[in-house]
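Biologist: Could you walk me through this model before I go back to the bench?

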Amino acid sequence: MTNTEVRLFGLGCNLSRNLHANMQRAAKELGLEVRIEEVSDIQEMMDLGITAIPALQIGGQVVASGQVLEVEELKSLLKI
């Protein structure tokens with residue numbers, strides 16, 4: 001699984017930065033190339049039903065909202 005597309009929804013806060021760092025670490029530990037697109041468009045978040053940030057979308061599916069997932073949790077999501 002390479003070139004996995006990940007979208008991180010947030011406004012540049014510490015929580016968003018922590019989630020971004022955890023995602024990079026998880027991908028590196030799995031040997032995956034992950035492109036993380038950062039999205040700050042509030043209307044797009046609302047359209048996707050995201051009510052809390054940071055939020056994470058993997059493969060078109062919102063998998064987390066309002067929390068910073070740990071590296072091991074992210075690794076599990078990336079393996080799917």
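Modeller: What follows covers the sheet, the helices on it and one residue.
Modeller: This is a predicted model, in which local features need pLDDT of at least 70 and side-chain atom pairs count only at pLDDT 80 or more, while totals for chains, interfaces and linings use all residues. Residues are numbered from 1 along each chain as its sequence is written, and side-chain values use heavy atoms, with hydrogens and water left out.

Biologist: In what order do the 4 strands sit in the sheet?
Modeller: The order is 2-1-3-4 in an open sheet with mixed pairing, where strands are DSSP runs of E, at least two residues, and helices are runs of H or I, at least four, numbered from the N terminus; two strands pair if DSSP finds at least two bridges between them. Strand 2 (34–39) and strand 4 (61–65) are the edges, each pairing on one side only.

Biologist: And how do strand 1 and strand 3 run, parallel or antiparallel?
Modeller: Strand 1 (residues 4–9) and strand 3 (residues 55–58) run antiparallel and are joined by 4 bridges, and Phe9 has Ala55 in strand 3 as its bridge partner.

Biologist: Which strands does helix 3 touch?
Modeller: Helix 3 (residues 71–79) packs on the sheet and touches strand 1, strand 2, strand 3 and strand 4, contact meaning heavy atoms within 4.5 Å.

Biologist: Switching to Gln57, is this residue buried or exposed?
Modeller: Gln57, which is in strand 3, is buried at a relative accessible area of 7%; buried means under 20%, exposed over 50% and partly exposed in between, with a 1.4 Å probe and protein chains only.

Biologist: What does the side chain of Gln57 reach?
Modeller: The side chain of Gln57 reaches the backbone oxygen of Gly60 at 3.4 Å.

Terms used: Axes fitted to C-alpha atoms, helices over the stretch in contact; angles between N-to-C directions. Polar contact = N/O pair within 3.5 Å; in protein donor to acceptor, adjacent residues only side chain to side chain.
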